[in-house]
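Visitor: Please give me a close look at one part of this structure, the salt bridges. Take it slowly, and then show me what surrounds them.

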Amino acid sequence: MDSESSALVIFVTAGSEIEAENIAMALVQDRLTACVSIVPKIRSIYIWEEKLEKEEEILLIIKTREALFERVRGRVKELHSYSVPEIIALPVTNALKEYLDWIFEVTV
């Protein structure tokens, strides 16, 4: 599959449920993504500015097409409160064809 016909799952973490919902609503309303699933209360442990951090975060699971990644990334950065938000994309290598068709049908 080329980037014009490939789907992606993008992971983004947010610091609050309100921020997560705002990002999700904007991406769906802008038709940059078919769906954003919001997973509350994950625990993230990481190094930031040389300190070990432990935070509760919200995980967004974004389903879109690969050709829209740059626009999704830009919109997330615009809306996100973190100076360096997590924006990680993984290719969808196998999925229900009808689900993939729906992703491509509702995104622009």
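Salt bridges and their surroundings

Guide: Lys-51 and Glu-53 form a salt bridge, with their closest N and O atoms 3.9 Å apart. The model is a predicted one, and that applies to each value below. The cut-off for a salt bridge is 4 Å, so a distance of 3.9 Å is within it. Glu-53 has a relative accessible area of 18%. Buried means under 20%, so Glu-53 counts as buried.

In total, the structure has 5 salt bridges. Another of them joins Arg-73 to Glu-70, where the closest N and O atoms are 2.2 Å apart. Both residues belong to helix 2, which runs over residues 69-79. Because Arg-73 and Glu-70 are 3 residues apart in that helix, about one helical turn separates them. The relative accessible area of Arg-73 is 31%. Partly exposed covers values between 20% and 50%, so Arg-73 is placed there.

Helix 2 also holds Glu-78 and Arg-75, again 3 residues apart, or about one turn of the helix. These two form a salt bridge as well, and the closest N and O atoms are 2.3 Å apart. Glu-78 has a relative accessible area of 58%. Exposed means over 50%, so Glu-78 is exposed. This pair does not stand alone: Asp-30, Arg-75 and Glu-78 are linked in a network of salt bridges.

What about a charged residue without a partner? Glu-19, in helix 1 (residues 17-29), is buried yet has no salt bridge. The nearest side chain of opposite charge belongs to Arg-75, and it is 12 Å away. The cut-off is 4 Å, so Arg-75 is out of range for Glu-19. Setting aside neighbours within four places in sequence, Glu-19 is in contact with Ala-14, Leu-79, His-80 and Ser-81.

The surroundings also include nonpolar residues. The largest nonpolar core has 18 residues, and those touching the most other members are Ile-10, Val-12, Leu-27, Leu-60, Ile-62, Val-72 and Val-76. At least two residues of this core come from each of strand 1 (7-14), helix 1, strand 3 (51-65) and helix 2. Helix 2 therefore appears twice in this account, once with the salt bridge of Glu-78 and Arg-75 and once as a supplier of the core. Take Leu-60 as one example of a core residue. Apart from residues up to four places away in sequence, Leu-60 touches Ile-10, Phe-11, Val-12, Ala-14, Ala-20, Ile-23, Ala-24, Val-36 and Ser-37.

Terms used: Residues are numbered from 1 along each chain as its sequence is written. This is a predicted model: local features need pLDDT of at least 70, side-chain atom pairs count only at pLDDT 80 or more; totals for chains, interfaces and linings use all residues. Side-chain values use heavy atoms; hydrogens and water are left out. Buried means under 20% relative accessible area, exposed over 50%, partly exposed in between (1.4 Å probe, protein chains only). Helices (H or I, at least four residues) and strands (E, at least two) are DSSP runs, numbered from the N terminus. Lys and Arg count as positive and Asp and Glu as negative; His and the chain ends are not counted. Contact means heavy atoms within 4.5 Å. A nonpolar core is a set of buried Ala, Val, Leu, Ile, Met, Phe, Trp, Tyr and Cys residues joined through side-chain atoms within 4.5 Å.
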